[in-house]
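Me: I would like a close look at a single part of this model, namely the open sheet and what packs against it. Please take me through it step by step, and then place it within the chain as a whole.

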Amino acid sequence: MPYCNVDFNNKSILITGGAGFIGSNLAMYFQENYPKAIICVFDCFRSEAKLSNGNLKSYGHYQNLVGFKGDIICGNINIIEDLTLLNKYNFDYIFHQAAISDTRAYDQELVMKTNVNSFYYLLELAKNNKAALIYASSAATYGSLASPQTVGNEYPENPYGYSKYLMDQIAFRYSKENSDMTIVGLRYFNVYGMREFFKAKTASMIIQLGHQILNGKSPRLFYNSNKIFRDFIYIEDVIQANIKACEAKKNGTYNIGTGKSRSFQDIVDILQNELGTNLATEYFTNPYEGYQNNTQANIDSSQKNLRFKPKFSLEDGIKAYIPEIIS
């Protein structure tokens, strides 16, 4: 489905983090809708290297790209020699998804080098190639500020959120200095959908709860989960946002959510309805301090300047996702 007026056929497209959740969906979108597009995936792929919290450093997985026919470069955005492998291309569009995206990663040096330092290189690459740059920001830039979260009012409370906040500031300055460039940051809220399986413990609650239910186990939620809300957005709407960002009316950072909050309890109820189960929910004490109890994206500027219009309610998104959850 074409989401904008750009014909990406015969255009050269770079997707960093292209073996990850969102990146692989972008790669497949272009391949399916623009068969003559020249698509290059750059990803370090999964290894057993772990962060200090025990989670993997990288979640890129080859199985996300089974059937992909474009170019694949295995490289690390922290290594200049790897990045120079991109110099043989002349990109028209760059979608920068690669990052350490674990909100509970406290390896500050690694997070900053991976997310911030590499961004300078990609901005220069976009400038030299005269390419549009669409990059992944995050709702983590807002910390635990009250809803609705609005661009221009940020308070990051972990290294990941701070790194994305820095990227947004860098992009703003770079955009002012290079007014002819297209530079758009997308602050993803709680994204879920196909090809997130390999995110393991950092995957969405939807797939984790879905698998609990399918295994006949009681779905587990924090106490008072009917009062904990998130803005859950289905992957198809995130792809829509990335594509429409290529025709943004103005550069900037934009919230990508539905604009509506739904409770954790809603997820269990919808999943059980779709799966035809009626398991009792098991509640336990939330072990996390400083937990955000409500996120809701203010998408006014996204609707105005990106023509972004989320199409999937939580019910619609889970229904579309069920075939992959049960596979």
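**The open sheet and its surroundings**

Reply: A good place to enter the sheet is a single pairing: Ile 94 has Leu 133 in β5 as its bridge partner. That bridge belongs to the parallel pairing of strand β4 (residues 93-96) with strand β5 (residues 132-138), which extends over four bridges. The model is a predicted one, and what follows should be read in that light.

Widening the view, β4 and β5 are members of an open sheet of seven strands, in the order β3-β2-β1-β4-β5-β6-β11, with parallel pairing. Its edges are formed by β3 (71-74) and β11 (252-256), each of which pairs on one side only. From one strand to the next, the twist averages 20°. As a general matter, the strands of a sheet pair through backbone hydrogen bonds, in either a parallel or an antiparallel manner.

On the β1 side of the order, β1 pairs with strand β2 (residues 38-43) in the parallel sense over five bridges, and there Ser 12 has Ile 38 of β2 as its bridge partner. Strand β1 is mostly covered, with five of its five residues buried. Ser 12, Leu 14 and Thr 16 point one way from this strand, while Ile 13 and Ile 15 point the other way, and all of them are buried. This follows the general pattern for a regular strand, in which the side chains alternate between the two faces of the sheet.

Towards the other edge, β6 and β11 run parallel and are joined by five bridges, with Tyr 188 standing opposite Ile 256 in β11. Although β11 is an edge strand that pairs on one side only, this strand is mostly covered, since four of its five residues are buried.

Two helices can now be added to the sheet. Helix α3 (residues 108-129) lies across β1 (12-16), β4, β5 and β6 (183-188), and runs at about 165° to β4. Helix α6 (residues 235-245) also packs on the sheet, where it touches β4, β5, β6 and β11, and its direction makes about 165° with that of β6. Helix α6 is mostly covered, with 10 of its 11 residues buried; among the buried ones are Asp 237, Gln 240, Asn 242 and Lys 244, together with nonpolar residues including Ile 239 and Ile 243.

Asn 242 repays a closer look within helix α6. Its relative accessibility is 0%, and it therefore counts as buried. Leaving aside neighbours within four places in sequence, Asn 242 is in contact with Leu 26, Phe 95, Gln 97, Ile 134, Leu 186 and Tyr 188. By contrast, Lys 113, which is 129 residues from Asn 242 in sequence, is 24 Å away from it in space, C-alpha to C-alpha.

Leu 186 takes the description from this helix into the core. Not counting residues up to four places away in sequence, Leu 186 touches Ile 134, Tyr 135, Ala 136, Ser 137 and Ser 138, as well as Ala 241, Asn 242, Ala 245, Tyr 254, Ile 256 and Leu 306. The largest nonpolar core has 65 residues, and Leu 186 is listed with Phe 8 and Phe 30 as having the most contacts inside it. Helix α1 (residues 21-33) gives the most to this core, contributing seven residues. Apart from it lies another core, of 27 residues, including Leu 86, Tyr 89, Ile 94 and Ala 98. Ile 94, with which this account began through its bridge to Leu 133, is thus listed in that other core.

For the setting of all this, the secondary structure of the chain comes to nine helices and 13 strands. Buried residues make up 52% of its 327 residues, and of the contacts with a separation of 6 or more, 82% are between residues 24 or more positions apart. A compact globule of 327 residues would have a radius of gyration near 20 Å, and the 19 Å of this chain agrees with that. Along the principal axes, the C-alpha atoms fill a box of roughly 55 × 40 × 40 Å. The chain exposes about 14800 Å², of which carbon and sulfur atoms supply 48%.

Key
Residues numbered from 1 in each chain as written. Predicted model: local features only at pLDDT ≥ 70, side-chain atom pairs only at ≥ 80, totals over all residues. Heavy atoms only, no water. Core = buried A, V, L, I, M, F, W, Y, C linked by side-chain atoms within 4.5 Å. Buried < 20%, exposed > 50% of the residue type's maximum accessible area, 1.4 Å probe, protein only. Helix = DSSP H or I, 4+ residues; strand = E, 2+ residues; numbered from the N terminus. Contact = heavy atoms within 4.5 Å. Pairing = 2+ DSSP bridges. Axes fitted to C-alpha atoms, helices over the stretch in contact; angles between N-to-C directions. Rg over C-alpha atoms; globule rule 2.2 N^0.38 Å. Areas by Shrake-Rupley, 256 points an atom, 1.4 Å probe, with all protein chains shown as cover.
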